[in-house]
Amino acid sequence: MVSASVALLFSAAAVVPAVAQSGPPGSVLFADRELTALTDLFAERLLVADKVAAAKYGTARPIDDPARERKILDDVADRAVGLGLDPDVVVAVFGDQIEANKVVQRGLYARWDAHPDERPTQRPDLDKDIRPALDRITTQLLGTLAATEDVRSSPSCEVRLYGAAARSAYGHELDVLHLKGMGRALPSACAPENDQAIPRT
């Protein structure tokens, strides 16, 4: 069953094409370029999950990798301090990105199990090709979290974030599985003191 937050994202993504054609320049979907920069990075990371899944599928490497995940979260917590960000907030945001990535991986595994003809024909190199791309996105995400700190603390963060996420979903042509991943990527993006924070999926 799709959670309420993901269902809302589905609805928002569905109206973005029409709004992009006819919406007024001052509308929410046009106003939040900063948050769209953030959700664009969420979308990019979700699309890298396809390559992660292709690299791991049919091998002994599990989708869940607690040691690797802990290393990533410890690293971003350390780097957050230098950017003047709350490490706990940053860890929560990146924890959501990791879980969103796994939503996509599990969905692809299920698809490939059911439809062997759709399985990837090439196996990307996880260490040489994929992790450098993820590291680049991590650096960009940290900078964007710092740049959006004020808007993420605003009472209107939730609705603005959904608008931004819908624009990113449309722009990156996310399918249903990746839309579910995007829904899972969003919960911690708004500051915790924001009363309208997005519920976790």
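This report describes the fold, an aromatic cluster and the last helix of a predicted model.

## Overall architecture

The secondary structure of the protein chain consists of 9 helices and 0 strands, and the order of its elements, read from the N terminus, is α-α-α-α-α-α-α-α-α. When contacts between residues at least 6 apart in sequence are considered, 84% of them join residues that are at least 24 apart.

The protein chain has 201 residues, of which 46% count as buried. The area that the protein chain exposes comes to about 9900 Å², and carbon and sulfur atoms supply 54% of that area.

## An aromatic cluster around Tyr57

The count of aromatic pairs in the model comes to 3. One of them is formed by Tyr57 and Tyr109, whose rings lie 5.0 Å apart, centre to centre, with 75° between the planes, an arrangement that is edge-to-face. This pair links distant parts of the chain, since Tyr57 sits in the loop between helix H3 (33–56) and helix H4 (66–82), while Tyr109 belongs to helix H5 (residues 87–114), and the two are 52 residues apart.

Tyr57 also forms an aromatic pair with Trp112, again edge-to-face, with 5.2 Å centre to centre and 75° between the planes. Here too distant parts of the chain are linked, with Tyr57 in the loop between H3 and H4, Trp112 in helix H5, and the two positions 55 residues apart. Taken together, ring pairs link Tyr57, Tyr109 and Trp112 into a cluster.

## Burial of the cluster residues

Which of the two residues Tyr57 and Tyr109 are buried? Both of them are. For Tyr57 the relative accessible area is 14%, and because buried means under 20% relative accessible area, Tyr57 falls in that class. Trp112, the partner of Tyr57 in the second pair described above, is likewise buried, with a relative accessible area of 7%.

## The last helix, H9

How many of the 10 residues of helix H9 are buried? Helix H9 (residues 176–185) is mostly covered, with 8 of its 10 residues buried. The buried residues of H9 are, towards its beginning, Leu177, His178 and Leu179, followed by Gly181, Met182, Gly183, Arg184 and Ala185.

The N-terminal end of H9 is capped by Asp175, which places a side-chain oxygen 3.3 Å from the backbone nitrogen of Leu177. Leu177 thus appears in both descriptions of this helix, as one of the buried residues of H9 and as the residue whose backbone nitrogen lies by the capping oxygen of Asp175.

Conventions
Residues numbered from 1 in each chain as written. Predicted model: local features only at pLDDT ≥ 70, side-chain atom pairs only at ≥ 80, totals over all residues. Heavy atoms only, no water. Helix = DSSP H or I, 4+ residues; strand = E, 2+ residues; numbered from the N terminus. Buried < 20%, exposed > 50% of the residue type's maximum accessible area, 1.4 Å probe, protein only. Contact = heavy atoms within 4.5 Å. Areas by Shrake-Rupley, 256 points an atom, 1.4 Å probe, with all protein chains shown as cover. Phe/Tyr/Trp six-rings, centres within 6.5 Å; stacked < 30°, edge-to-face > 60°. Polar contact = N/O pair within 3.5 Å; in protein donor to acceptor, adjacent residues only side chain to side chain.
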